[in-house]
Amino acid sequence: MGIPSDDVVVIQKAKRPGEHCVITVNCPDKTGLGCDICRIILDFGLYIKKADFSTDGIWCYLVLWVVPNSSSTAVKWSNLEKQLLSVCPSCSVPYYFYPQPTCSAPAVYLLKFLCSDRYGLLHDVTEILSDLELAIQMVKVTTTPDDRVLDLFFITDNMELLHTMERQDKTLKQLQAVLGESCTSCELQLVGPEYDPHHGISSLSPVVAEELFRCELLDKEIRSQALSPDMAKLKNANVTIDNSLSPAHTLLQIHCVDHKGLFYDIMRTLKDSNIKIAYGRFSPATKGYRDLDLFIQRKDGKKIQDPEEQSVLCLNLKVEMLHPLRVIIANRGPDTELLVANPVEKSGKGRPLVFFDVTRALKALKICIFSAEIGRRISAADHEWEVYSFLLEENTKFQFSNMGDARRVRRGEDVARRDESSVASRVRLRGEARRDSLARQGASVCYNLSMIANTSERAEEQDRRPFSNAIVDDLKE
């Protein structure tokens with residue numbers, strides 16, 4: 001009974017380069033299904049141009065028009081289809097009468113290698129793992145006194161084939177090709193019970209943690225972070241709730257600047273808030289802005305009537321849309337530490353491709369990474385965060401300011417519009433007219449890193465700064 005599995009996920013590929021691909025999902029409904037689908041699409045390097053979906057609480061139908069984020073992105077469509085199918089509930093009749101079996105945690109493998117250090121090494125390795133659909137769960141990177149690096153990657157396989165010798169051999173072969181002859185050791189093995197998926201960042205001080213995880217959207221903070229004259233408008237998001245248009249549903253309307261992963265951020269917030277979506281429409285971007293109309297209900301099937309509940313939902317959405325990533329530069333003794341954090345879903349999943357984007361930015365800026373670490377941290381507000389810590393080697397091109405200067409650009413995740421042809425548009429760091437050179441260079445690193453994570457496709461402003469050229473060229477690739 002039900003519908004054939006071949007009809008659950010249908011992908012109509014673009015006929016010509018530059019045209020959109022249409023993804024249709026037709027399956028039983030479940031809470032958070034839209035979030036799971038948007039996460040997979042983001043993980044495969046795709047950008048959602050527009051979307052429509054509806055559900056009656058039992059069955060749902062979604063249509064998404066997508067294009068690759070980059071012209072160089074080679075999408076493995078068959079693997080994407082398998083991943084989408086994996087999050088869709090069973091279409092068989094027993095689905096309505098029996099609970100779905102809980103999925104066991106994927107097996108975690110340790111990838112360990114020792115080789116000579118060089119610019120961009122960490123990103124090159126990350127790129128290979130991404131191409132192989134190996135998800136990075138935790139990282140520990142250290143540099144030895146003789147300029148060699150010992151890298152530990154704890155990874156899972158989205159294809160669930162890493163237990164086979166063929167898959168392992170292919171992985172090691174591609175990695176050794178990137179590492180070159182300087183690689184003296186490259187091993188892959190299943191981790192033991194000592195692996196802790198909630199490993200924390202021990203170096204994160206309470207002061208820096210408070211700065212990194214704070215979520216207040218204060219007007220004075222928005223103004224102090226304005227990196228160009230019109231940045232203030234980019235820091236605004238309009239979220240309204242209307243209960244007058246439907247007898248059974250609350251209308252949620254959102255107008256905000258577009259950025260990479262916007263739909264995922266919205267759907268994740270609604271999923272974690274136990275909000276059900278009955279109907280939704282994501283309109284195409286207009287001058288870099290997005291409009292979303294969602295008819296929603298509480299988990300109990302009722303409208304959202306309580307003003308306090310409405311206020312909390314609107315605030316949470318604004319925070320996640322305006323601050324999808326937190327980026328700060330801090331001092332750790334004599335060293336400069338770059339910290340990037342993103343909220344973790346209640347299901348335990350972090351945001352896709354953050355480590356990939358950060359290492360790509362650092363490679364483009366020709367900044368060497370002395371050590372790197374990924375861990376989890378529970379904030380004072382009892383929210384779980386995924387934290388990326390990088391100890392950076394200072395060089396002649398970029399010098400970093402002290403913690404006080406870095407705070408002027410704290411959480412440099414200001415939203416920029418993404419466009420491969422003119423992505424440099426928002427990399428103007430004017431700040432204060434008399435800000436010293438060291439502070440501006442520290443700000444440039446924060447902003448360039450955040451721009452990669454939040455950059456969206458149709459930028460218009462043409463002004464740019466010389467130090468942005470490297471990161472812009474990397475984004476075009």
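Trainee: Which residue just after α3 takes a positive phi?
Mentor: Helices are DSSP runs of H or I with at least four residues, strands are runs of E with at least two, and both are numbered from the N terminus. Step just past the end of α3, where phi turns positive, at about 60°. The residue there is E133.

Trainee: What pLDDT do local features need in this predicted model?
Mentor: Residues are numbered from 1 along each chain as its sequence is written, and side-chain values use heavy atoms, with hydrogens and water left out. The model is predicted: totals for chains, interfaces and linings use all residues, side-chain atom pairs count only at pLDDT 80 or more, and local features need pLDDT of at least 70.

Trainee: How many residues of α3 are buried?
Mentor: Buried means under 20% relative accessible area, exposed means over 50%, and partly exposed lies in between, using a 1.4 Å probe and protein chains only. Helix α3 spans residues 121-131 and is mostly covered. Its buried residues include L121, H123, D124 and L129. Of its eleven residues, the buried count is eight.

Trainee: What share of the protein chain counts as buried?
Mentor: The chain holds 13 helices and 16 strands. It has 477 residues, and the buried share is 54%.

Trainee: Which strands stand at the edges of the sheet that contains β6?
Mentor: Two strands pair if DSSP finds at least two bridges between them. The order here is β8-β5-β7-β6-β15-β16-β14-β13, an open sheet of eight strands with antiparallel pairing. Each edge strand has a single partner, so one of its sides is left without a neighbour in the sheet. The edge strands are β8 and β13.

Trainee: How many bridges join β6 to β7?
Mentor: β6 covers residues 134-143 and β7 covers 148-157. They run antiparallel, and V141 stands opposite D151 in β7. The bridges number nine.

Trainee: What angle does α5 make with β13?
Mentor: Contact means heavy atoms within 4.5 Å. Axes are lines fitted to C-alpha atoms, for helices over the stretch in contact, and angles between N-to-C directions run from 0 to 180 degrees. Helix α5 (residues 206-213) packs on the sheet and touches β13, β14, β15 and β16. Its direction and that of β13 make about 165°.

Trainee: What about α10, and what angle does its direction make with that of β16?
Mentor: Helix α10 covers residues 354-364 and packs on the sheet. It touches β6, β7, β14, β15 and β16. The angle with β16 is about 20°.

Trainee: Which strands stand at the edges of the sheet that contains β3?
Mentor: This open sheet has eight strands in the order β1-β2-β4-β3-β11-β12-β10-β9, with antiparallel pairing. Its twist averages 25° from one strand to the next. Each edge strand has a single partner, so one of its sides has no neighbour in the sheet. The edges are β1 and β9.

Trainee: Which residue takes a positive phi in the hairpin of β3 and β4?
Mentor: β3 (46-55) and β4 (59-68) pair antiparallel over nine bridges. T55 has C60 as its bridge partner in β4. Three residues lie between the strands, and the one with positive phi, near 90°, is G57.

Trainee: Which residue of β11 is the bridge partner of D52?
Mentor: β3 also pairs with β11 (275-282), antiparallel, over four bridges. S54 stands opposite Y279 in β11. The partner of D52 is R281.

Trainee: Roughly parallel or roughly antiparallel: which describes α1 and α2?
Mentor: Angles under 35 degrees count as roughly parallel, over 145 as roughly antiparallel, 65 to 115 as roughly perpendicular and the rest as oblique. The axes of α1 (residues 33-43) and α2 (residues 77-87) come within 10 Å and cross at roughly 160°. That makes the two helices roughly antiparallel.

Trainee: How many nonpolar residues are in the contact of α1 with α2?
Mentor: L33, D36, I37 and I40 in α1 meet L80, Q83, L84 and V87 in α2. Ala, Val, Leu, Ile, Met, Phe, Trp, Tyr, Cys and Pro count as nonpolar, Asp, Glu, Lys and Arg as charged, and the others, Gly among them, as polar. One residue is polar, one is charged, and the nonpolar number six.

Trainee: How far apart are the axes of α8 and α9?
Mentor: Helix α8 covers residues 262-272 and helix α9 covers 307-322. Their contact has six nonpolar, two polar and three charged residues. They pack at about 150°, and the axes are apart by 9 Å.
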